[in-house]
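Here's a quick briefing to read with the model open beside you. Take a moment to look it over, then work through the points below.

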Number of protein chains: 2
Amino acid sequence: MSIYLHDIPLPEAKACLEAALKEANLWRVLGTETIPLDENALGRVLAEPVWAKVSSPHYHASAMDGFAVRAEETGGAQPSSPLLLPCSPAPSLPSSSAQYVDTGDPLPDWANAVIPIENVEALDEKGEITSAIRAPKAIRIRAAVTPWSHVRALGEDIVATQLVLAAGAVLRPVDLGAIAAAGHAEIKVARKPRVAILPTGTELVPIGSELKPGDILEYNSLVMAAQVNGWGGEAVRFPITPDDFEAIVARVQEAARDCDLILLNAGSSAGAEDFSAKVVGKLGVLLVHGVAVRPGHPVILGVIARSREAATKQSPISEEIASGASHPRNDTVPIIGVPGYPVSAALTAEIFVEPMLAKWLGRRPGELPTASAALTRKVASPGGDDDYLRVAVGKVGGKVLAAPLARGAGVITSLVRADGLVVLPRGVQGAEAGEQVTVHLYRSKAEIERTIFCIGSHDMTLDLLAQFLAEHDRRLASANVGSLGGLVALKRGESHLAGSHLLDPETGVYNLSYIRQYLSGVPVKVYGFVGREQGLIVRKGNPKGIKGLGDLTRPEACPAKSPKGEPSRRVQYVNRQRGAGTRVLLDYHLNRSGIAASSIQGYSQEEYTHLGVAAAVASGRADCGLGIPAAAQSLDLDFVPLFQETYQLVIPKVYAESELLAPLFIVINDKDFRAAVAAMPGYNIGEMGKLVAEI
Amino acid sequence: MSIYLHDIPLPEAKACLEAALKEANLWRVLGTETIPLDENALGRVLAEPVWAKVSSPHYHASAMDGFAVRAEETGGAQPSSPLLLPCSPAPSLPSSSAQYVDTGDPLPDWANAVIPIENVEALDEKGEITSAIRAPKAIRIRAAVTPWSHVRALGEDIVATQLVLAAGAVLRPVDLGAIAAAGHAEIKVARKPRVAILPTGTELVPIGSELKPGDILEYNSLVMAAQVNGWGGEAVRFPITPDDFEAIVARVQEAARDCDLILLNAGSSAGAEDFSAKVVGKLGVLLVHGVAVRPGHPVILGVIARSREAATKQSPISEEIASGASHPRNDTVPIIGVPGYPVSAALTAEIFVEPMLAKWLGRRPGELPTASAALTRKVASPGGDDDYLRVAVGKVGGKVLAAPLARGAGVITSLVRADGLVVLPRGVQGAEAGEQVTVHLYRSKAEIERTIFCIGSHDMTLDLLAQFLAEHDRRLASANVGSLGGLVALKRGESHLAGSHLLDPETGVYNLSYIRQYLSGVPVKVYGFVGREQGLIVRKGNPKGIKGLGDLTRPEACPAKSPKGEPSRRVQYVNRQRGAGTRVLLDYHLNRSGIAASSIQGYSQEEYTHLGVAAAVASGRADCGLGIPAAAQSLDLDFVPLFQETYQLVIPKVYAESELLAPLFIVINDKDFRAAVAAMPGYNIGEMGKLVAEI
């Protein structure tokens, strides 16, 4: 076994793990079990081929309700010259020429065809038509039949001894039926590998906890357990272990008693409290520490000895594959140190755990469908890593597009929103806008066909719009690149619509001048969507009594008049970054009110998001900042409404009239949707759906 | 409600059912339940949108181990002119200019950036570099940082109040993580609809039963239960009910107590023992009897009243969607009479049950990916039905091909082998060979890319080959059209290889003359595969002591010499149909031995398969017939080996040298594969893998 302590390329890391598993005789189906053939077998993996024990049908069966006959005796029957065949009510009477059979009945030995009941006249002893169809004296037929008509021949479906399903088949409902038809009541399947998931970290708190700063919700174990179960394994979630070397060692040993794989979550970096590598080193062999993938760098791969207690007691692991001494009970347990960031953790499991489970179950590794798509923007990538880029995928005017999503390893919503993954391989320094890339799709192509691609300024009501569009069989994929970015994307033909709130400080009119400037040559329609309040986010109870922009320039109270201990009346402001729509709005109104920016304390203190402003207020670092009410609400702050901002939808004419976007217009004219928007704090729906301009 | 008693088009049938469900207020999410957010939530369907309760991160968090700083204070730091920042070990001390933070720690209020530890020199009180990295007196930096570098800003991932997931989302592992990150510990999901599955039929026997002629293994309830569970419902399988009107009524009433849907399997035709329609009529309203689909014609759709007992007791149904009086507890239960043939049953469930469950769960109906493919042969279709054709799909020389599989509704293996479905719509009278059709794919496109398409004569060893190829990441799809049909398919470019055993009666040489005649212009390689025994299939113990073809012309023993009761020594033969390879083989050897066909009793009695011959012998209808040992074995008969037949693989040169087929040559030269074939009765592997000819 080779040991790597620095980032190594992914294929090398995988090869190293594979070699170690082979050496430990763990690169194979781990074990099998015989289970009853019932609906719980769905999704299990066949450990051996299924050969038919019986044929199906296991006799020549009538395929219809009708009369069994000898085909040779029907020759010459015609509409104009019918033929009479005598009947016998008793089965297998070789003298009879026709005998009634129900669907599924065995064909009498002497017969080789069935005439369906509807093609027969049943006759009584007098030669009259009778309704006693099951026991007539004779039948009259008006057409000949060929041998084996309306007969399900023995073995038509399955011939005893034939292969019904190959080993490695992941059982589907119809497979279960075929196995039953082949005479089996039990099947041998790969046993489910047990995967221990060990969250570690003093800062971790369980799902649903009240949060203090520094607390981190532990949900990686939930995500990985669901992944493992979905891949056919059996996840065992352990409670949170604090960052304590001995405690982690003890927990790993406990897990090593009867699990097949251990996922040790977080502590895989090289920090002071990152114990994973040391734990693996103490209990076994550290094979790899650091893999050149992004996100997911600090992966640890190792193998440790199974804890002693297990060797003596009967554990699930002991039902090993039954092929004699060549597969002795295994004493080695692979362990993976999984990085702590949620995106890294989920991707590490996809990259390392899924293929291992596939091997242990004897099935093919999962594979995502792929599509070729054009990147909507340039992406930088560290050339040394395989870079896993999450993308939203949509089809705009016949072009399939991939819009890169937030890249942070901590942004789990980037995986939730991702329609697929693009792998920028090692040695490639990013990709240009417009470059064709291969997307591994999380969604079906049909889903992508009904995706409305919305790139521009984000607004909370777009979430609501997405919810309502889903009921109309449309998916809204939105990427937040700001209003101007949205117009540029429209111009480049990379989205179906843009949300925009660009105020022209000269005219006080929204969007139109920008559209004329940036979208020349693209006929667009501009629709009113929402008016949204902007105002000052202030502390709960508004302790400084801030009422408007005028308060931002309050002088420090005269020290003489200010009793000791009374807080300053002066207002500390927090601003948005240059170029932000909210900053433009502030400047426009300061200008209109004749307030000098330089007179505002904190004007140069910049935050990059509405929430950043709210957080600055919540922490006491500022008294107020201009923003939207939802940001105040989300941090339980108060809000002083000041301005109404206009947020419009800009839609190229060709899409405004498309079938794809038709449900959008249904929704924005739907009273339930409007009521839902109006119920959100600070929104006005007076202009919703109105055609503002056609340019 | 309209009532149809004759076949109606599928869309009309669906609309009729939908209308009845709407009238009964059942065309909606049936009910919801709140479940803990754990790994069992995987695959459940959100009944309401998830809005974030908390932001994630819920504070400005350090993204690295390093030092929190004010970005403005780092300006001017350069490799050549480093900057010193004093440190404070205590958090939130506004006077400090740098403070150690671990990954995930809250940023001090005064800070707005983090410098990673590896970009910092930690200094002690003497200004010397120290290893006490967590509590230095000062740090030396050699580059400025921008605000918010290496900081995970509050709400970077999720902003409190934002939409995390829309209602109707089918939960994936990462979705569970995002919901947890948004502050939820429980979720509201659609409750699983309970689907009762009622097999009926006196001829039915449970899976695993010893079979007598006329017995039918009951496995439709297994297939449908697995389907229902896989679609997100909860299947309840009832025991087999015999064909007895009152018994079925009682069983349906029992199921109607606490299930949401009843699937009454078989008895849906119009035969004497088909009670389903009468049962539905007695208990409620028969909406539709007969839908113009094939297979699956005799579908029954109806609604019945929920049994009384349920109205008073607390049942799972009572947790209805909580929206007041507009959703009273429902007293109607839809019921579907599902046809008895297994393919019909499975397709009926796909067509009617899956969309109903989707509606009840609030998710989109499932949809299969589609591909365009060329039909390999002409298909006749009754113009009055939507015709669901099962096809094998492969890609040969760049062309995607769909080979129609066995069409019988009783052939469940046609669903197991199907790579997809082609729907020939009502009003279309079949399709021509070569016609482009849309295939709804059961397999991924990647699977189809690695499919080896083998069309020709079938042999049992191809099953074994399929099993071994699966281990080399290839799928063997084989269609049985006979040897000559296989050569024709090769000529038309519709397969990668053909199995062939065409004996030239003039020369006694296999295949070559036929290849020259039918494959001119296609360079092919012919490989030896197996020698297979043909011989006489005789009754167990060979009571007539048959040793060879000479015995087929035994005269009737002289009556004087034959003691009364001793069976006749004369041999009754059963033949294969004209054109079958086995018939050609017989005639060739009769000719060589100078035996006249007319002297064989039963020469004109024809069966269409090896197994048909074996069945004729087993039933006593014949004493022997020429065939293969596996057919004898599968019906527990004896076998008299006579001839060695040559079964070869014919492969166009272009495919013989392709990467796709490379594993085929690995397998046929693999000793394990050869041993497995040699272990099958009657096979000889002497020629396996030898290049016989290049033409």
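Is strand β25 (residues 420-424) of chain A mostly covered or mostly uncovered? It's mostly covered: of the five residues in β25(A), four are buried. Keep in mind that you're looking at a predicted model.

**Strand β25 and its partners**

- On one hand there's strand β23 (residues 386-396) of chain A, which runs antiparallel to β25(A) and is joined to it by five bridges.
- One pair to look up in that match is V391(A), whose bridge partner in β25(A) is G420(A).
- β25(A) also pairs with strand β26 (residues 436-441) of chain A, again antiparallel, through three bridges.
- Here you can look for V422(A), which has V439(A) as its bridge partner in β26(A).

**How the two chains fit together**

- To lay chain A on chain B, you rotate by 180 degrees with 0.0 Å of shift along the axis, and the RMSD comes out at 0.1 Å.
- That's the relation of a two-fold axis.
- Want to find the axis from chain A? Go to P369(A), the residue of that chain that comes closest to the axis, with its C-alpha at 5.1 Å.
- The copies meet through the same surface, because 100% of chain A's interface residues are also interface residues in chain B.

**A nonpolar patch on the surface**

- L484(A), V488(A) and Y518(A) make a nonpolar surface patch of about 200 Å².
- Y518(A) sits in helix α12 (residues 512-518) of chain A.
- With a relative accessible area of 31%, Y518(A) counts as partly exposed.

Terms used: Residues numbered from 1 in each chain as written. Chains lettered and ligands numbered in written order. Predicted model: local features only at pLDDT ≥ 70, side-chain atom pairs only at ≥ 80, totals over all residues. Heavy atoms only, no water. Buried < 20%, exposed > 50% of the residue type's maximum accessible area, 1.4 Å probe, protein only. Helix = DSSP H or I, 4+ residues; strand = E, 2+ residues; numbered from the N terminus. Pairing = 2+ DSSP bridges. Least-squares fit on C-alpha atoms with pLDDT ≥ 70 in both. Contact = heavy atoms within 4.5 Å. Patch = residues over 30% accessible without salt bridge, like charges linked within 9 Å, V, L, I, M, F, W, Y side chains within 5 Å. Areas by Shrake-Rupley, 256 points an atom, 1.4 Å probe, with all protein chains shown as cover. Salt bridge = Lys/Arg side-chain N within 4 Å of Asp/Glu carboxyl O.
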